Amino acid sequence: MSSKKVIIHRREGLEQIENYPHVNSRTGKVLYQKELTTEPETGMMIEMIRYPKGCMIPSHTHHCGHGIYVLRGTLVTSEGNFKPGDYVWFDEGTVMTHGAGDEEDVDILFITNKKLDMNYL
């Protein structure tokens, strides 16, 4: 048996993302996020996030780069709108907004290159 770690998340568990509510500290709105993996040495992280319709994260930056892969719905960002299968990367320090428009929820994979922090402007 290998000493290497394998992390598995089955679709059934991911479809129950409402079991992982998170209240945004700036807006007070509830979104849902489930951590899929975090690398202890670098802080790199992958999460599945659901932004309910109308849930936008206001203008902010991070001290890490991060990518967003759209699974379902339309991701609304300061760089435009993105559909399922689209991917957008924000370099460290980029000023951004992102979330769901008023029409539908959006599910994403959120990937960081190191430990995530939140800096509202």
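This passage describes the strand pairing, one buried arginine and the largest pocket of a predicted model.

A good place to start is the pair of hairpins that share strand 2. Strand 1, covering residues 21-23, runs antiparallel to strand 2, covering residues 30-38, and three bridges join the two. Within this pairing, H22 sits opposite L31 of strand 2. Six residues separate strand 1 from strand 2 in the hairpin that they form, and G28, in the turn, has a positive phi of about 80 degrees. On the other side of the turn that follows in the chain comes strand 3, residues 45-51, which is antiparallel to strand 2 and joined to it by six bridges. Here E35 has E47 in strand 3 as its bridge partner. Strand 2 and strand 3 also make a hairpin with six residues between them, and a glycine again appears in the turn with a positive phi: G43, at about 85 degrees.

Strand 3 also carries R50, a residue worth a closer look. Is R50 buried or exposed? Its relative accessibility is 9%, and the limit for a buried residue is under 20%, so R50 counts as buried. Leaving aside residues up to four places away in sequence, R50 touches I17, E18, L31, Y32, R72, D105, V106 and D107. L31, named among these contacts, is the residue that stands opposite H22.

Elsewhere in the model, five strands build an open sheet with antiparallel pairing, in the order 7-6-9-4-11. Its edges are strand 7 (80-82) and strand 11 (119-120); each has a single partner strand, so one side of each has no neighbour in the sheet. For strand 11, the pairing is with strand 4, residues 56-61, in the antiparallel sense over two bridges. T61 has N119 of strand 11 as its bridge partner. As general background, the strands of a sheet pair through backbone hydrogen bonds, in either a parallel or an antiparallel arrangement.

The final feature is the largest pocket, with a volume of about 260 Å³. Its lining comprises 17 residues, and H22, N24, Q33, L116 and M118 are those nearest the centre. Strand 2, strand 3 and strand 4 are the elements that each give two or more residues to this lining. Which of the elements gives the most? Strand 3 does, with three residues. Sorted by class, the lining of the largest pocket holds eight nonpolar, seven polar and two charged residues. H22 thus links two parts of this description: the residue pairs opposite L31 and lies among those nearest the centre of the largest pocket.

Conventions:
Residues are numbered from 1 along each chain as its sequence is written. This is a predicted model: local features need pLDDT of at least 70, side-chain atom pairs count only at pLDDT 80 or more; totals for chains, interfaces and linings use all residues. Side-chain values use heavy atoms; hydrogens and water are left out. Two strands pair if DSSP finds at least two bridges between them. Helices (H or I, at least four residues) and strands (E, at least two) are DSSP runs, numbered from the N terminus. Buried means under 20% relative accessible area, exposed over 50%, partly exposed in between (1.4 Å probe, protein chains only). Contact means heavy atoms within 4.5 Å. On a 1 Å grid over the protein atoms alone, a cavity is a set of points where a 1.4 Å probe fits but cannot get out, and a pocket is an open set with protein on both sides within 12 Å along at least five of seven lines; lining residues have an atom within 4 Å of a point. Grid points are joined across faces, edges and corners, and a volume is the space filled by probe spheres set on the points. Ala, Val, Leu, Ile, Met, Phe, Trp, Tyr, Cys and Pro count as nonpolar, Asp, Glu, Lys and Arg as charged, and the others, Gly among them, as polar.
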